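Here are some short exercises to work through with the model open in your viewer. Try each task before you read its solution.

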Amino acid sequence: MSNRRMRLLLLTPVMAGSFLVAPAALAWSGALAAPAATCSISGVFENGKVHLSGGGFTPGQAFLSSPTAAGGSFTIAENGGFQMMNVENARYTVTQANQHTECSGFKGATTNQDEMTQNDQNQNDQNDNGGDQDGS
């Protein structure tokens, strides 16, 4: 068997395999390059409402939902983003084409359990210090 024939027999399966793997690799890298949708809650206003914004979505219809606040359909702009001012301060999820994006940044009510516990502790400390001063 000639050298040329031997090389052909060895390289043919390798080249065929590369033709099968290349499209899959390109598709996988393309999926990674797609921007991830994001949503955030920010800016608690004096009225207790917040600013909701997002990006990386597909332009068109989306649905905003929350376990404790009103939601509904809205339109994602051509640039893939949206902004909503003065929405209720709550946890939100944006759904588009069966993809769910949870909005980050929810801080909860203005007084949470940790703050109440710290305030109670501060009040007790003040009462203890005040008692010492009165007893002297």
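On a 1 Å grid over the protein atoms alone, a pocket is an open set of points where a 1.4 Å probe fits, with protein on both sides within 12 Å along at least five of seven lines; lining residues have an atom within 4 Å of a point. The model is predicted, so local features need pLDDT of at least 70 and side-chain atom pairs count only at pLDDT 80 or more, while totals for chains, interfaces and linings use all residues. Residues are numbered from 1 along each chain as its sequence is written, and side-chain values use heavy atoms, with hydrogens and water left out.

**Exercise 1. Find the residues that line the largest pocket, and sort them by class.**

Solution.
- Step 1: the lining consists of A37, G56, F57, T58, V94, Q96, A97, Q99, H100 and T101.
- Step 2: four of these are nonpolar, six are polar and none is charged. Here Ala, Val, Leu, Ile, Met, Phe, Trp, Tyr, Cys and Pro count as nonpolar, Asp, Glu, Lys and Arg as charged, and the others, Gly among them, as polar.
- Step 3: β7 gives the most, with three residues. Strands (E, at least two residues) are DSSP runs, numbered from the N terminus.

**Exercise 2. Work out the strand order of the four-stranded open sheet and name its edge strands.**

Solution.
- Step 1: the order is β4-β3-β6-β7, with antiparallel pairing. Two strands pair if DSSP finds at least two bridges between them.
- Step 2: β4 (72-76) and β7 (99-102) are the edge strands, each pairing on one side only.
- Step 3: for one pair in detail, five bridges join β3 (residues 60-65) to β4, and A62 has F74 as its bridge partner in β4.

**Exercise 3. Describe how the side chains of β1 are arranged, and what stands opposite C39.**

Solution.
- Step 1: in β1 (residues 38-42), C39 and I41 point to one face and are buried (under 20% relative accessible area, 1.4 Å probe, protein chains only).
- Step 2: T38, S40 and S42 point to the other face and are not buried.
- Step 3: β1 pairs with β2 (residues 50-55) in the antiparallel sense over five bridges, and G54 in β2 stands opposite C39.

**Exercise 4. Locate the disulfide and determine its handedness.**

Solution.
- Step 1: C39 and C103 form the disulfide (sulfur atoms within 2.5 Å), with their sulfur atoms 2.0 Å apart.
- Step 2: the torsion about the S-S bond is about 80°, so the disulfide is right-handed.
- Step 3: C39 lies in β1 and C103 in the loop between β7 and α2 (113-135), 64 residues apart.
- Step 4: both cysteines, C39 and C103, are buried.

Technical notes:
Buried < 20%, exposed > 50% of the residue type's maximum accessible area, 1.4 Å probe, protein only.
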